[in-house]
Structures are given as structure tokens and as C-alpha cells.
Amino acid sequence: MSTDVQDNGSPAKPKALAKRAPSSALDLAIRYGFLALLVGLAIFFSIFANGFAGPRSAVFIFQSVAMTGILALGVTCTLVVGGFDLSIGSVATSAMMLAAYMMVVLEQPAAVAIVACLVMGAFIGLVNGILIVRFKVPDLLATLGMMFL
């Protein structure tokens, strides 16, 4: 078996491990092009659209993504321990349906609906936890089953 040797007597590095050439303009555009486009659009609409960069617009955006952010925090807890929860979207949808049912049909105050949703979510989480820890069902399979249930 022959090995390549550099001029100084040390073995040559394989081409895959060789030092890459400095980034070209195309590499930079691929890597950071979306961020540049996002910043450019934000600047453009801030200048030409009244109220785009105002506080009312920011509050609207934060209200729109608040639920997604809260769900992302919950999924982060399972990802940290190496698991994955596929049922989170359907549990959130079920909680919204339960809240609407309690407030519209049963005419309960919002506080009661919130507590009911938290209890429902905790119960589903408990069932998921028992399936995964006690019965050794893989987390993807257990939460996928709960999603369909």
C-alpha cells in the first residue's frame, strides 16, 4: 500500500481534509443571502409602508407567534433529553377546541376553560410519559399514537 508524502517528509492529507479555499462570493450568497434579503425587505417596508416598523405592528406579530413560541418551549424540553414529541400540535388543537366548547357551549368563564385545558394537557403528557418510561414504547411511536388518538 503506497502513501503520498509531502516535500517535508510528512504524509499528505487526503483531499477531503485539506484546508478549504477562502469562501467565494457564491458561498457567501448561499450562506447569508436569506438574511441579507430579510434585512433588505425590513428596511424597504420600514421606509415605504406606514406603520410597518411601529409598536402596533410589533405587538401584532408577537401575538401571532405567541402560541407557536410556547409550544416550541415545550418541545425543547423533550429534545433536550433526546426525545421527540409528535403529538404537541394535536394536543394544542384539542386544547383550543376544549376551551371553545367550555366557553361557548357550557358558558364557563375563561379561567375555568384554561384550567381544563391545562388538566387535559397534563393528562395526555402523563399518558405519554407512562407509555415511554414504564412500558418502554419508543417516544416517536407513543406520541404518534397520541396524536392520532
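Helix 4 gives the most to the lining of the largest pocket, with twelve residues. That makes helix 4 a handy place to start looking around this model, which is a predicted one.

**The pocket**

So what does the pocket look like in numbers? Its volume comes to about 730 Å³, and 31 residues line this largest pocket. If you want to find the middle, look for L71, D85, I88, V91 and G121, which lie nearest the centre. Two or more lining residues come from each of helix 2 (55–80), helix 3 (88–105), helix 4 (110–134) and helix 5 (139–148). Sort the lining by class and you get 20 nonpolar, nine polar and two charged residues.

**How the helices pack**

Here are three helix pairs side by side.

| Pair | Angle | Axis distance |
|---|---|---|
| Helix 3 and helix 4 | about 150° | 9 Å |
| Helix 2 and helix 3 | about 130° | 11 Å |
| Helix 4 and helix 5 | roughly 145° | within 9 Å |

Let's take helix 3 and helix 4 to begin with. They pack at an angle of about 150°, so helix 3 is roughly antiparallel to helix 4. The crossing of this pair is right-handed. On the helix 3 side, the contact uses V91, S94, A95, L98, A99, M102 and M103, and these meet A110, V112, A113, A116, C117, M120, G121 and I124 in helix 4. Count up the classes in that contact and there are 13 nonpolar residues, two polar ones and no charged ones.

Now for helix 2 and helix 3. Their angle is about 130°, which means helix 2 sits oblique to helix 3. This crossing is right-handed. Helix 2 brings M67, L71 and V75 to the contact, while helix 3 brings I88, A92 and M96. Which classes turn up here? The contact has six nonpolar residues, with no polar and no charged ones. You may recognise L71 and I88, since both were listed among the residues nearest the pocket centre.

Last up are helix 4 and helix 5, whose axes cross at roughly 145°. Helix 4 passes helix 5 in a right-handed crossing. Which residues in helix 4 meet helix 5? They are I124, V127, N128, L131 and I132, and their partners in helix 5 are D139, A142, T143 and M146. This contact splits into six nonpolar, two polar and one charged residues. I124 is worth a second glance: I124 meets helix 5, and I124 is also listed in the contact with helix 3.

Technical notes:
Residues are numbered from 1 along each chain as its sequence is written. This is a predicted model: local features need pLDDT of at least 70, side-chain atom pairs count only at pLDDT 80 or more; totals for chains, interfaces and linings use all residues. Side-chain values use heavy atoms; hydrogens and water are left out. On a 1 Å grid over the protein atoms alone, a cavity is a set of points where a 1.4 Å probe fits but cannot get out, and a pocket is an open set with protein on both sides within 12 Å along at least five of seven lines; lining residues have an atom within 4 Å of a point. Grid points are joined across faces, edges and corners, and a volume is the space filled by probe spheres set on the points. Helices (H or I, at least four residues) and strands (E, at least two) are DSSP runs, numbered from the N terminus. Ala, Val, Leu, Ile, Met, Phe, Trp, Tyr, Cys and Pro count as nonpolar, Asp, Glu, Lys and Arg as charged, and the others, Gly among them, as polar. Axes are lines fitted to C-alpha atoms, for helices over the stretch in contact, and angles run from 0 to 180 degrees between N-to-C directions. Angles under 35 degrees count as roughly parallel, over 145 as roughly antiparallel, 65 to 115 as roughly perpendicular and the rest as oblique. A crossing is left-handed if the near helix is turned anticlockwise from the far one by less than a right angle, and right-handed if clockwise. Contact means heavy atoms within 4.5 Å.
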